[in-house]
Amino acid sequence: MSAMDVPADGVGKPAVAAQVRAPALNYISWIALAMMTTSSVASLRAAPSMAVYGLACVFLYLLPALVFLLPTSLVSAELASGWKGGVYNWVSQGLSPKMGFLAVWCQFAMTIFYYPSLLAYVASTLAYVFNPKLASSGLWTALVIMVCFWTGVWVSSQGTKSVAGLASAGLIIGTLVPGAILLVLGAIFLGQGNTSAAPMDAAHLLPAWTGIASLVLIVNNFLSYSGMEMNAVHVSSLKNPAKEFPRAMFLAMGLVLAIFILPALVISWVVPSQEISLTSGVMQAFDAVFSQFNLNWMTPILGIMLVVASLGGMLTWLAGPSKGLLLVSRENGYLPPFLQKLNKHGIQQNILVAQGAVTTVIALLYAFIPDVSSAYWILSVITTQVYLIVYLLMFVSAVKLRRTKPDHPRGFRAPALVLLCVVGFVASIAALLIGFVPSSQFGGGSTITYVAIVGGGLLIVGLLIPFLFYTMRKPSWKTADPATTQAIE
């Protein structure tokens, strides 16, 4: 009997549970989970854009870390140490299964436009390595997106352990090693007696205040840390989840901060801000640093390493939200049985394939529609707004669970949980509101039009679609009872 053959009355549970429990025996270490989490959050892509602020980039990263990264990490550590299943189960236990489905849907929906954006960056980086002219080719971008994404689907279908290993390798090869090289070169640059291109005195600790633009910059950095909670769905893949997940989160927090701050600082030491191109990206910034040491031959090698990091990050996002959607769908019948089927490794392969079909369509738009980038940017803003719903629900659920289930076993209790949740909730609301402020990328269009598009998209993607799934669900779509669902967590 397959995992899809579980009858509604529960007959056959032991056989199915035995089958689906097998993948959970492939334990991963807490260090591997920390690497997966870091890989899904941090990258070197933002280093050039933050380097223009010099020493102030430390403030621009630390403030959002205090009001968003810290609450998100500590709260999700407590929730994961007490309840398996990720954000769906946390919100279901704290609020209701309906709200739990909304949370996991919003987490999953955000990835629909995240993958093409990430892989478009991979395409441009590879173009810089092989032939810079390819960067402007929509066909090249489309091919890279499709090849990389479908390869990622295949790798993810092999099981969580495979994803953890590759994501960890990607983080080390493509983020930690290049970051360390950059830091060493920066130290040598200053050690040779060169003056930092950006002032490093106390007077430049804070960025110049420019009104709403400064506020948008700070709040947008909140979203640099989004995804810290996402890999909590893999908590049962740890041998001792209650102790090991909080360790993984603390290690990930430290790595994320180091990856964001240190490379940006080094670039600001070596490259004058007026020479840093915000549109050219990280490859040109690294090339400018390498040119100071006549090491330009390293730039193509670095490009390959950055691609490896991006692909590792993609794998973690493929494995997390789709698994959360699978768990809630099996238990409550929110998706048709076809989308709930598991492969022999216990992986939600059909959900990944369906997502791949959407990604392929978006990739083809790059190839055939020249102006797709501006419309795509709007869609990216909408999905970011949708993701913030996850955090709002998570913080409310954490407070509710601490009050209604204070004696429920938790391997970790976040200090000052209510305060953390209030701070995180307010930060999320601020980010949600700032999302309605038109960016320069909107091309100077009508503010009312922008707000209408973003607001309408938020309602459709974040509320209407999950509402339709919820109302159309059928009892026959339930393919697992709670006990069986726990077995595949």
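The following legends describe several close-up views of one predicted protein chain.

**General notes for every view.** This is a predicted model with residues numbered from 1 along each chain as its sequence is written; local features need pLDDT of at least 70, and side-chain atom pairs count only at pLDDT 80 or more. Totals for chains, interfaces and linings use all residues, and side-chain values use heavy atoms, with hydrogens and water left out.

**Figure 1. The chain as a whole contains helices and no strands.** The secondary structure comes to 18 helices and 0 strands. Helices (H or I, at least four residues) and strands (E, at least two) are DSSP runs, numbered from the N terminus. The chain has 489 residues, of which 55% are buried. Here buried means under 20% relative accessible area, exposed means over 50%, and partly exposed lies in between, with a 1.4 Å probe and protein chains only. Among the contacts in the chain with a separation of 6 or more, 82% are between residues 24 or more positions apart; a contact means heavy atoms within 4.5 Å.

**Figure 2. Glu78, Arg402 and Arg410 are linked in a network of salt bridges.** A salt bridge is a side-chain nitrogen of Lys or Arg within 4 Å of a carboxyl oxygen of Asp or Glu, and by this rule the count comes to 2. Side chains of opposite charge can pair when their charged atoms come close. In one bridge, the side chains of Arg402 and Glu78 meet at 2.6 Å, N to O. Arg402 belongs to helix H15 (residues 372-404) and Glu78 to helix H4 (residues 56-82), so this pair, 324 residues apart, links distant parts of the chain. Arg402 is partly exposed, with a relative accessible area of 23%, whereas Glu78 counts as buried at 2% relative accessibility. A salt bridge also joins Arg410 to Glu78, with the closest N and O atoms 3.0 Å apart. This pair again links distant parts of the chain, 332 residues apart, as Arg410 is in the loop between H15 and helix H16 (417-434). Both Arg410 and Glu78 are buried.

**Figure 3. Gly82 of helix H4 is in contact with His408, Pro409 and Arg410.** Which residues touch Gly82 when its neighbours within four places in sequence are left aside? They are His408, Pro409 and Arg410. Gly82 and Pro241 are 159 residues apart in sequence, and their C-alpha atoms are 9.0 Å apart in space.

**Figure 4. Helix H5 packs against helix H6.** H5 (residues 87-94) and H6 (residues 97-130) meet at an angle of about 155°, with their axes 7 Å apart. Axes are lines fitted to C-alpha atoms, for helices over the stretch in contact, and angles run from 0 to 180 degrees between N-to-C directions. H5 and H6 are therefore roughly antiparallel to each other; angles under 35 degrees count as roughly parallel, over 145 as roughly antiparallel, 65 to 115 as roughly perpendicular and the rest as oblique. H5 passes H6 in a right-handed crossing. A crossing is right-handed if the near helix is turned clockwise from the far one by less than a right angle, and left-handed if anticlockwise. On the H5 side, the contact is made by Val87, Tyr88, Val91 and Ser92; H6 contributes Pro97, Met99, Gly100, Phe101, Ala103, Val104 and Gln107. These residues divide into 8 nonpolar, 3 polar and no charged. Ala, Val, Leu, Ile, Met, Phe, Trp, Tyr, Cys and Pro count as nonpolar, Asp, Glu, Lys and Arg as charged, and the others, Gly among them, as polar.

**Figure 5. Helix H9 packs against helix H16.** The angle between H9 and H16 is about 125°, and their axes are 9 Å apart. That makes H9 oblique to H16, and the crossing is left-handed. The contact is made by Ile212, Leu215, Val216, Val219 and Asn220 of H9 together with Ala430, Ala431 and Ile434 of H16. By class, these residues are 7 nonpolar, 1 polar and no charged. The buried residues of H9 (residues 212-220) are Ser214, Val216, Leu217, Ile218 and Val219, and what covers them includes H4 and H16.

**Figure 6. Asn294 and Ala416 have positive phi values.** Most residues other than glycine have a negative phi. Asn294 has a phi of about 55° and is found in the loop between helix H11 (282-291) and helix H12 (298-332). Asn294 is exposed, with a relative accessible area of 66%. Ala416, with a phi near 50°, is found in the loop between H15 and H16.
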